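I opened the model in the viewer and kept notes as I went. The entries follow the order of my look-ups.

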Amino acid sequence: MDERYGSSIYWLETSARAAAPPVAGNHTFDVVVVGAGFTGLWTAYHLLEADPSLRVALVERDVVGYGASGRNGGFAMTLLDMSLAHLRRNHGDDAAKAAHDAVATSVEEIGATVAARDIDCEWRHGGLMVVATNPGQQRRVDADLAAAEALDLAGFTRLSAEETQAEVHSPTYLGALREEHCGVLHPAKLAHGLARVVEGMGATIFEGTDVTSIDDADGRIRVTTPGGGVLADQVVLATNAFAAHTPWFRTKVVPLYTYVGLTEPLTDAQWDEVGWASHCGIEDKRNFVHYYRRTVDGRILWGGSDGVIRYGSRIEPRYDSDEKVRSRLRRTFEWTFPQLAHVPFSHHWGGPVGITVTFVPLFGTLLDGRLHYGLGYNGHGVAPSHTGAKILRDRVLGQDTALTRLCFVDTKEPTFPPEPLRWVSAELTRRSLLRQDTRMDDGAQEGDMDPLLLRLMKKFG
Ligand SMILES: Cc1cc2nc3c(=O)[nH]c(=O)nc-3n(C[C@H](O)[C@H](O)[C@H](O)COP(=O)(O)OP(=O)(O)OC[C@H]3O[C@@H](n4cnc5c(N)ncnc54)[C@H](O)[C@@H]3O)c2cc1C
């Protein structure tokens, strides 16, 4: 196993790309993008599509797709905030609708772009099924359906218990909502495919290059790396959870590790016992959701269940797996699909996502309008990073558009407390959320978030 990873990541085992060389010597570009995950890659893509003459470079500390982009569940879905109902409550109807519609457009554009650009990332546009496995979760499903109706959003349907179980055969389902705008994909193949496409459009990619500082340089920006410096007119910071290690975002973004398990391929007979012909993505309505999907080679990726914040916002390969979370994932997988209790997990891995106080991403500008950032998708960045990259494109090109006015752009960004309070409050919050999940599993009629959590969020938000 590659020592940069603390676990075998199936997506990276099944997609390959020859790494580009690191920065050596001094270079000049119009735009430098720091971080080659989905945000960085889509930003380069949208910029070069808008203006093919731009000189664009991507500078990546490890390899393309090293961060969450190469290891996620692969759901391209519309979710922003904790739920559609929360988005509406926190931002109002007009802003919630605009944000939702922008990401729904991205879902469709991702599908169209991978087809047009010949990126074979196993895209399956099967929609999303958000299932309720207890009455409290059903209340949350109902609240999201009510929000969709109030916002007049297209593509939402209510499913009864029978309809849900007919689609995917789990005895745990009490009902669901179906959302049309969702596709699943192979994330590493998307990242590697996008890298090929942007290189073909003229971008330069540097890998194995740690950006150690980004500073003002007399009207331009200097990006410093161990092998040399890169001067640019504008810089885009696309390092998501890793931005927690910069002075700008130390108290605004906290890395949270989320984990998945992946089964061995199921036999045809086992698939007959599960159904799931549509390849839809599935989530439940716990605080720590379960998210799960099929892969094209017949496996089930089973993720969520818990999340772990490390003291000091640490991100290290040794956290790429977690035995406690793996056991919890295994238990909930077998509870959901008792007919598959004997199908083992072949892989288990995780990675850091960027959490913000407000549960929506942060987009804005620093250094007199020449450093643009977009990060903190709270575990939902696959499609929102495509939307975000269009915002970053518009910012770099100096355009005021409907996208640059979305509710998560240029906001007053509340902060988390400094350590050790940050870790303590995050841990209290995590435990409180897990307790509520357990209470709801035991039949408690709670639909809203735990009052302790709401108090903590108010205090630190
Ligand atoms: C296990 C898991 C499951 C997930 N499942 C889903 C899902 O199903 N659907 C969904 O919507 N979202 C999911 N997510 C979240 C989603 O993957 C992320 O929101 C999204 O990939 C963020 O993309 P990004 O480009 O902003 O960040 P990243 O992919 O994290 O990229 C940041 C990049 O910046 C680089 N970098 C950091 N510091 C530096 C530096 N100093 N110099 C140079 N480069 C640097 C990193 O190496 C990294 O490659 C999941 C995440 C995980 C971990």
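**Entry 1: a lysine in a loop**

With which side chain does the side chain of Lys252 make a polar contact? I found Glu413, at 3.3 Å. I keep in mind that this is a predicted model.

I placed Lys252 in the loop between β11 and β12 (254-263). Next I checked its cover. Lys252 has a relative accessible area of 21%. Buried requires under 20%, so Lys252 counts as partly exposed.

Then I listed its contacts, leaving out residues up to four places away in sequence. Lys252 touches Ile355, Thr356, Val357 and Leu362. It also touches Glu413, Pro414, Thr415 and Phe416. I took one long-range distance too. The C-alpha atoms of Lys252 and Arg439 are separated by 30 Å, with their positions 187 residues apart along the chain.

**Entry 2: strand β18**

I moved on to β18, residues 371-375. I asked how many of its residues are buried. The result is 5 of 5. I then split the strand by face. Leu371, Tyr373 and Leu375 are on one side, and His372 and Gly374 are on the other. Both faces are covered. The pattern is the expected one, because side chains in a regular strand alternate between the two faces of the sheet.

Which strands does β18 pair with? I found β11 (residues 228-237), joined to β18 by 3 bridges and running parallel. I also found β17 (residues 362-366), joined by 5 bridges and running antiparallel. Leu371 appears in both pairings: its bridge partner in β11 is Val235, and Leu366 stands opposite it as well.

β17 and β18 form a hairpin with 4 residues between them. In the turn, Leu367 has a positive phi of about 50 degrees.

**Entry 3: the ligand**

I turned to the ligand and its shell of 33 residues. Thr39, Glu60, Ser69, Gly73 and Val382 come nearest. By type, the shell divides into 13 nonpolar, 16 polar and 4 charged residues. Helix α2 (38-50) and strand β16 (345-355) each supply at least two of them.

I looked for polar backbone atoms beside the ligand oxygens. For Val382 I read 2.9 Å. For Gly67 the distance is 3.4 Å. For His380 a backbone N or O atom lies 3.4 Å from a ligand oxygen. Taken alone, the ligand exposes 1000 Å², and the protein buries 97% of that.

**Entry 4: a histidine in a helix**

I picked His386, in helix α10 (residues 384-396). Is it buried or exposed? His386 counts as buried, because its relative accessibility is 1%. Beyond four places in sequence, I found it in contact with Trp42, His46, Ser106, Glu109 and Ile110.

**Entry 5: backbone exceptions**

Last, I scanned the backbone. Most residues other than glycine have a negative phi, and most peptide bonds are trans.

Asp118 has a positive phi of about 60 degrees although it is not a glycine. It is found in the loop between α4 (93-116) and β4 (128-132). Asp118 is exposed, at 63% relative accessible area.

His279 also has a positive phi, near 60 degrees. I located it in the loop between α8 (268-274) and β13 (281-283). His279 is buried, at 16%.

Which peptide bond is cis? I noted the one joining Glu419 and Pro420, with omega about 5 degrees. Pro420 sits in the loop between α10 and α11 (421-441).

How values were computed: Residues numbered from 1 in each chain as written. Predicted model: local features only at pLDDT ≥ 70, side-chain atom pairs only at ≥ 80, totals over all residues. Heavy atoms only, no water. Buried < 20%, exposed > 50% of the residue type's maximum accessible area, 1.4 Å probe, protein only. Helix = DSSP H or I, 4+ residues; strand = E, 2+ residues; numbered from the N terminus. Pairing = 2+ DSSP bridges. Contact = heavy atoms within 4.5 Å. Polar contact = N/O pair within 3.5 Å; in protein donor to acceptor, adjacent residues only side chain to side chain. Near = heavy atom within 4 Å. Areas by Shrake-Rupley, 256 points an atom, 1.4 Å probe, with all protein chains shown as cover. Nonpolar A, V, L, I, M, F, W, Y, C, P; charged D, E, K, R; others polar.
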